[in-house]
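Reader: Could we go through the aromatic contacts in this one together, and then look at a side chain that catches my eye?

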Amino acid sequence: MSEKIKFTIDGKQCEGEKGRYLVDVAAENGVYIPVLCHWKDVIPAGSCRICTVKINGRFVAACTTPVEDGCNVENNTPELQDIRKAIVEMLFVEGNHFCPSCEKSGDCDLQGLGYLYQMMVPRFPYAFERRELDASSPKIFLEKNRCIFCKRCVRMIKDEKGKSYFAFKGRGKDLEISMDKTIAANISDELAQKAMDICPVGAILKKEVGFATPIGQRKYDNVPIGADIENLQKTNGGKK
Amino acid sequence: MNEKILGIIEAYGRSPYRLVDILLSLQKEFRCVSDEAVNIVASELGLSEVDVRQTKSFYHFFTTEPVGKYAVYLNNSAVSEMMGMADVVDEFEKLCGISFGQKTADGLISLDHTACIGMNDQEPAALINSVVFTGLNRQKVREIVAAMREGKPVESMVTEYGDGNNAHPLVLSMVKNNIRKAGPVCLGEYETGKALARSLTMGSKAVIDEVKSANLRGRGGAGFPAGLKWQFCAHEAGDRYVFCNADEGEPGTFKDRVLLTERAQMMYEGMAIAGWAIGAKEGILYLRYEYLYLKAFLENVLEEMRNQNLLGKNILGKGFDFDIRIQLGAGAYVCGEESALIESSEGKRGEPRNRPPFPVQKGYKNNPTIVNNVETFCSAVKIIENGAAWYKKMGTEDSSGTKLLSISGDCKMPGVYEVEWGMTIHEMLRMVGAENVQAVQVSGPSGVCVPPTQFNRQIALEDLPSGGSMIVVGKQRDLIKDIVLNFMAFFEDESCGSCITCRSFNMILRRQVQKVVEGRAIKPDLDNMKDWGEIMAKTSRCGLGQTSSNPISTTLANFRELYEARVKDEDFQSDFDMEKAIAESCEAVNRPPIVHE
């Protein structure tokens, strides 16, 4: 067993194991820190920055920072809430996200966060970037307009030899997600499903299947994103 | 073709860690890395094609289509523009009949831009097939293009060589050192091997203590105490590595170019001393691609030092083994960040890593690694030679020793100056012969734009820290257009994109500056730019995103009147332009747009 440590998030006493990432330990303590790129037990990318918190006054990403004994974490402060809302708004203007026509609507983490932070009109000018749709694989669509560069697929979808199906291409303003046409031609149904499931938005979609759950009954249609983590706290009555 | 590709892959031991080297060799051989070549490399290295392509597409000097037989890369940094780049562009385009970004139909000449190539003291400058051409003007462009048309080798177009080792048979470059002031540390007297011999008798811990006691702080810009870094690394278990960061990409800095040319032994000696101090056997010099013209020379210096038993096995008979290899970059500013530099050296995209772990814990191939700047290693040599007390007599209390400044822009004597920390901007401007100064850009685009009212501030880590880039901006310049917009376009290109905040906000902010320059901005845009820049600074992982809003924030703080003069006195305007939005459909139906206000 690793060393137990104590720390606070917005004044609330929390406990956890030293060295684990703050975002996971916070969740176990019933504190929701929003994420888009993080996936538990996968090497973090630290790329979406939506989990930005302040630890002892310094801005850090909660998904890449291990908890330390006695640290004071700020999470739901107005300053951080505004930063997170700004990141959500920024993602809506830099890509092309049309929720009503998106297959992932209701299951989309970005949309969920848009509701959580009550985004109305983004403060930033729309970029109207032209991006491609890659339909070359018989199993999946890669809808680049919706990609938020979280790298989940880059990190998690590999073949048995460790080769990547997905990778970044270019850098800076020319950055895009790309799919390996050669190996994606033979991707298994399971892996295609996994790729779609881990995508926080609707950028990766499985071909030739309908969507079983109707809009209105999907993941975030009736409960806000993060409620599962915060409800854990309520059902436990705050007990550990 | 396949034979050649396989040969190149074989030459690098079929190792994915050497992917950047493999791609560099392919680019050199075929003037491109074609999709076909990518596929062969992928299959030979056991990678997927996108794995290879993600590295390839990260770096500026890899192309999918062949570049011209003469590939012109003209620097478009702010100082190049200030020194007459527009004329050079115009002449090249007129004579070649193509625009920048294009290639002549016969495939002879391609014209492209590139970010600062470390020649700000002799702009406008360009790389042509990695040969450096400086001080370009219309006449020189005419000569160069004529020589290209005659099919002359690029090397033969350089007829006059620069001073010092620029005239060395392995360099033969027109680059001038422009050493205007030699101080006692990096550019003073130097005898190769003395400090290394001393280190080996001192013992490794004593070396670290000496460097710590001298309070030597990293010269790349961040100012982290070098001795402390060495100590942390020495305490970690594993095969330790010493990296020298010769990727000076901050626009306006060129002092490492001069050290690489004139103090290569000293830099290598500093690396060996660090290797001894931390217990490393291997050192890597990460050399930016723009300095490829120095590679043969630098390889030769390594060979000489091996012959002198200052590198290699059993150095100076003390049982210490240490050797150095050169790793080339391929054109990416962000690789100057130490963990990005390590990623790049491992054949990957140069994306900065998350910390912890720090490079001193898990760096190159997950081994404990120190990364220090060229100047830091050179300074360490003198500290060991003359002692920490000697070193600390120079500079200020918090910033000991000397600093190399690369000074360029609107001044009479651009060049490299070795000065003690603590010099004021006033003193610096007198030293370089600068008059009618509007502003000084301290430490490059990621630094601070300092107005005349603050010229009494000191160049020191505790006041105005600097990695070395100092750009003097005269009163005749349009500060927002010539400087701020240029810098933001630079960051927009150079953000690795790994943090989406850095990728997107640099794009958004560049467009906002463009809006101001074009007179389309309104008052609230100014506060927005400031606020949005702060969000990027607070949420980005590495120094790039944390500082890339500085061109805006520091000019808004110090030169707000320049912005206010260009914005409309309105509180709201629609970003939506109806005429523009319907232009395409109007054209299709052949009808002029009728917009009701």
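Author: What follows is a short talk about rings, charges and one asparagine. The model is predicted, with local features needing pLDDT of at least 70, side-chain atom pairs counting only at pLDDT 80 or more, and totals for chains, interfaces and linings using all residues. Residues are numbered from 1 along each chain as its sequence is written, chains are lettered from A and ligands numbered from 1 in the order in which they are written, and side-chain values use heavy atoms, without hydrogens and water.

Reader: How many aromatic pairs does the structure hold over all chains?

Author: There are 18 over all chains, where rings of Phe, Tyr and Trp (its six-membered ring) pair if their centres lie within 6.5 Å, planes under 30 degrees apart being stacked, over 60 edge-to-face and the rest tilted. In one of them, B:Tyr333 and B:Phe490, the centres are 4.8 Å apart and the planes at 70°, so the pair is edge-to-face.

Reader: And are B:Tyr333 and B:Phe490 buried or exposed?

Author: Both B:Tyr333 and B:Phe490 are buried, buried meaning under 20% relative accessible area, exposed over 50% and partly exposed in between (1.4 Å probe, protein chains only).

Reader: Which residues form an aromatic cluster?

Author: A:Phe124, B:Phe505 and B:Trp532 form one.

Reader: Switching topic, what about A:Asn29?

Author: A:Asn29 is buried, its relative accessible area being 2%, and a polar atom of its side chain lies 2.9 Å from the backbone oxygen of A:Val25.

Reader: Which ring has the charged end of A:Arg171 over it?

Author: That is the ring of B:Phe58, with the charged end 5.9 Å from its centre; the criterion is NZ of Lys or CZ of Arg within 6 Å of the ring centre and within 35 degrees of the ring normal.

Key: A polar contact is a pair of N or O atoms within 3.5 Å; within protein, one must be able to donate a hydrogen and the other to accept it, and residues adjacent in sequence count only if both atoms are side-chain atoms.
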